[in-house]
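Student: Could you take me through one part of this model up close? I'd like to follow a single stretch and its neighbours.

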Amino acid sequence: MGESSFLDRLTALSIVVCVIAVPAWVTFSFSSSKPEQPEDQYEQYLEGTGAWAESTLESLTLEEKVSQLFFHSAYGVYSSSDDPSYKQLVDMVERFKAGGVVFFQGDPFSQALLANDLQSRAKIPLIAAQDMEHGAGMRITRTTKFPSAMAMGATRNKDLVYAAGLATAREARALGIYQVYAPVADINNNARNPVINVRSFGERPRLVANMVSAFTYGLQDGNVLATAKHFPGHGDTATDSHSELPVLPFSRARLDSVELVPFRAARDAGILSMMLGHLALPQLESDPNVPATLTPAVVDNLLRQDMGFKGLIVTDAMRMHGITKYFGVGESAVRAIEAGVDVLVLSNDEYAARAAILRAIESGRLTEERIDESVLRLLKAKEWLRLNEHRIINTSDTRRIVANTEHTVLSQSIARESVTLVKNTGNIVPMIPAPKRIMTITLSDTDDPTRGSYFNTQMRSYSPSTYFENRLLDVRSTQDDFTEALYEANYADLIVVPTYLPVRSGTNRLALPASLQRFLNSLLLKNKPIILISFGSPYIVQAISNQPSVYIAAYGDSEASQKAVAQALFGFSSISGKLPITIPGFYDFGSGIEIPQRFIRRGYPEEVGLSSDVLTRADSLIHASIADKAFPGAAVAVGRGDVLVKLDSYGYFTYQSERQVAINTKYDLASLTKVVATTTAAMQLYEQGKFSLDDKVAKFLPQFAQNGKENITIHNLLTHTSGLKPFRPFHQEGITTRRGVINEIYAEPLVYTTGSESRYSDFNMIMLALVIEQITGQRFSDYSKANIFNPLGMRNTEFRVAGRGTNRSIVPTEVDNDFRKRLVQGEVHDETAYILGGTAGHAGLFSTAEDLAKFAFMMANEGEHNGRQFLKPETIKLFTTPHNPGAHTRALGWDTKSPEGYSSAGQYFSANSYGHTGFTGTSMWIDPESKLFLILLTNRVYPTRDNKKLPPVRSDLADIVHSAIKGPIEVLLPTIPN
């Protein structure tokens with residue numbers, strides 16, 4: 001099935017349902033109580049299968065048939081050929097002839113190799129199954145671990161959930177897995193449920209059903225068997241079936257209206273498998289000790305007959321206490337088959353269970369025809385998986401697919417959309433400006449010494465200027481540890497408390513250990529802003545007597561979720577998650593405060609519709625240009641939307657290759673000064689009404705009105721239509737003072753009639769900077785720092801005072817044998833700007849690619865920065881639109897793309913693009929149509945300005961960057977494999 005058909009399939013079953021007390025914007029698209037009969041998705045999936053399955057069934061002995069119904073456990077780790085566990089596994093495949101294996105923990109290549117080994121030994125291909133509720137990372141190290149199902153529910157985004165299912169399927173097959181025990185279709189409408197919790201998509205039937213359908217379609221479009229669990233619903237219970245037999249005392253009418261809704265949605269989506277829960281349902285089965293797994297009332301009557309489910313019915317682990325407390329290995333196996341089960345998962349003794357089934361057939365309690373029904377379903381599933389044609393995986397696919405960039409991007413995207421800001425007293429989040437001193441106190445219910453370390457690292461990366469004090473308190477902590485942490489908290493400006501309370505089967509833990517609970521309550525008594533974060537169960541606040549200033553739910557401890565919370569705290573991502581559950585007595589379903597992203601963040605190209613593979617060609621281009629001596633060093637920044645997708649440095653300060661450039665290395669921007677500083681200052685003052693574009697320059701600089709220049713306007717300066725000559729080599733004319741240069745420009749005659757044409761001139765921007773100084777009463781450098789660089793966080797951008805000698809941390813420009821008689825490094829290259837003292841309107845600015853990316857982001861983001869309007873959108877449009885398109889491409893200060901011939905913006909940047917270049921080898925281009933920007937910084941004038949190799953590099957780089965666009969500004973979702 002095609003990927004594009006997902007929404008069509010979902011919509012075909014849907015109506016819009018509005019739920020009382022849910023925000024108006026939240027709608028769930030789902031089936032009514034009396035839907036039109038949907039097309040049989042199950043039959044569509046299995047179309048074309050059967051011939052191999054039927055012929056194979058005929059070839060099997062009765063014992064082999066029964067053996068096919070068992071799935072044995074396996075671990076995807078290395079073991080030697082004489083290891084007892086490996087020998088047992090080989091025995092189950094070769095001698096017992098089990099129908100499948102269930103993998104638990106492992107690592108990618110060990111599992112893939114073991115899966116191939118077992119498949120090569122099996123007479124009938126095996127179905128290898130695995131729990132992958134939130135991706136392969138649930139069980140296997142170094143694979144993609146998606147945020148939990150509840151986190152997905154918090155996004156309300158079906159497309160992301162579908163994509164997660166598809167990505168999970170791709171990784172599963174690359175690891176040798178063909179059946180995924182997911183999605184969890186349980187509705188977590190019991191806050192005291194100790195085992196489902198964040199494994200569920202939420203508490204509302206329609207929401208859970210929506211997500212279950214999406215995940216099912218994703219998995220099965222990726223050609224693995226999806227398995228909805230735990231039928232008929234493990235959500236509304238406070239008992240863990242791993243340790244006891246939970247009781248669901250509900251009527252059939254209640255089950256129909258709540259628990260069964262997601263399972264019906266899975267059925268309608270054509271799900272190929274469902275897993276039973278070991279649950280007692282006294283209103284369906286009179287014996288209180290008989291779980292759903294072992295009663296025909298649930299398996300055959302309810303699931304198979306009433307719901308019309310045609311696929312595989314598999315058990316949860318038969319060794320769980322919900323089964324073994326009342327039934328032995330043999331009896332439980334026989335009862336399960338009698339009830340209508342097809343696959344027995346993880347029996348405590350497969351040989352004994354098989355013997356019991358064979359005896360039941362011999363006695364007439366079971367029939368061979370009943371066994372054939374289940375085996376045929378299983379073989380058809382294997383045929384649908386094409387295991388009869390190809391059962392050995394190519395391990396090169398493992399490396400290509402597992403945890404690849406596409407899947408990592410998807411995981412992080414889900415995590416960002418799931419972060420839920422439940423409470424935000426005092427608008428503490430986002431923390432802008434960041435506090436000077438933050439204390440993080442990690443609370444963990446384990447003895448893992450690494451708990452919280454990844455989150456702390458992420459926190460530091462997003463606020464490098466903050467001093468962080470980190471504390472870990474866990475089950476090993478003593479009273480002295482608690483006392484010391486409380487004391488140190490007094491000195492923090494703000495306290496962040498990440499809590500780790502993951503859902504684990506068999507623990508029945510619903511809250512932090514008592515000692516940590518007491519500590520947290522004591523901490524919350526302090527008169528300090530405290531941010532409480534749940535990297536696990538969102539219900540932890542129920543056990544807290546004193547509530548925090550801020551509460552954030554992340555629903556799990558995946559690295560993606562921890563990174564997303566750190567980004568959200570400091571404004572590097574938006575916050576939009578909504579609680580998919582109610583926290584009784586505290587927060588309602590649908591709660592969640594929305595906050596927009598404030599700053600551009602580092603991220604993957606695929607987050608914003610760009611291709612990493614295409615962008616890598618930029619690296620090849622820059623490296624080849626360095627080898628060709630177009631420049632010795634370079635920095636490239638590429639951004640789209642709200643993501644900085646590329647920030648890289650290349651080469652060395654000089655061709656002697658003594659010092660590598662870094663991403664924070666400063667470059668002489670040359671004429672980029674004209675737009676980053678001078679034009680931006682003019683835009684600000686224009687918005688403030690400090691001048692109009694038609695104002696005469698002489699209004700602010702009376703001495704300028706000499707030799708026919710009295711009618712030159714601000715508009716003429718910005719569009720380079722003043723009539724002034726482009727340039728004069730004052731340094732060669734013996735003019736060596738700032739006042740001397742200014743007076744010479746004041747006295748300059750016109751070289752063409754003002755407004756008649758456009759000739760690019762440094763004099764225009766030199767004069768405009770003087771106008772800005774007159775208006776503001778500040779030195780141009782001081783104004784720029786206070787009003788442009790500091791507000792935009794451009795900490796490494798500055799004008800440098802001329803004549804103060806070399807600064808070897810800055811990339812050198814030219815070996816100046818004419819004027820300064822030295823290598824120019826750390827002082828402005830432009831001779832006129834040097835004479836003017838290092839600060840001028842046309843040149844003099846030094847900066848980094850990272851700082852310029854912040855500036856370009858503001859411009860591409862219609863002037864918005866840090867939640868406020870730095871420049872108005874209409875001002876940006878006015879200043880970046882050509883003002884005489886028929887005659888020239890000059891806008892106000894900015895250049896625009898040439899309609900024909902060479903452009904440093906290349907071929908593909910749109911006609912509405914604007915940018916500028918700098919003589920030292922710098923350039924910046926912004927395309928407002930695609931919200932794409934490109935920054936290139938080089939020192940191409942080293943060792944001489946006679947180097948003319950840069951122009952084709954600029955245009956070729958622009959073409960590569962723009963051709964990386966593969967779609968709109970949204971996550972590039974995984975595609976269906978061929």
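Tutor: Start at the hairpin of strand 29 and strand 30: four residues lie between the two strands, and Lys931 there takes a positive phi near 50°. Keep in mind that this is a predicted model. Strand 30 covers residues 932-938, and its pairing with strand 29 is antiparallel, with five bridges. One pair to pick out is Asp927 with Leu932, its bridge partner in strand 30.

Now look at strand 29 itself. This strand, residues 922-927, is mostly covered, with six of its six residues buried. In a regular strand, side chains alternate between the two faces of the sheet. Here Thr922, Met924 and Ile926 point one way, while Ser923, Trp925 and Asp927 point the other way, and all of them are buried. For anyone checking the cut-off, buried means under 20% relative accessible area.

Strand 29 also pairs with strand 28 (residues 914-918), again antiparallel and over five bridges. Within that pairing, Ser923 of strand 29 is the bridge partner of Thr917. The hairpin of strand 28 and strand 29 has three residues between the strands, and here Gly921 is the one with a positive phi, near 115°.

For a second sheet to set beside this, try the open one with three strands in the order 20-24-21, paired antiparallel. Strand 20 (667-668) and strand 21 (798-799) are at its edges with a single partner strand each, so each has one side without a neighbour in the sheet. Strand 20 is joined to strand 24 (residues 845-847) by two bridges, and Tyr667 stands opposite Ser847 of strand 24.

Technical notes:
Residues numbered from 1 in each chain as written. Predicted model: local features only at pLDDT ≥ 70, side-chain atom pairs only at ≥ 80, totals over all residues. Heavy atoms only, no water. Pairing = 2+ DSSP bridges. Buried < 20%, exposed > 50% of the residue type's maximum accessible area, 1.4 Å probe, protein only.
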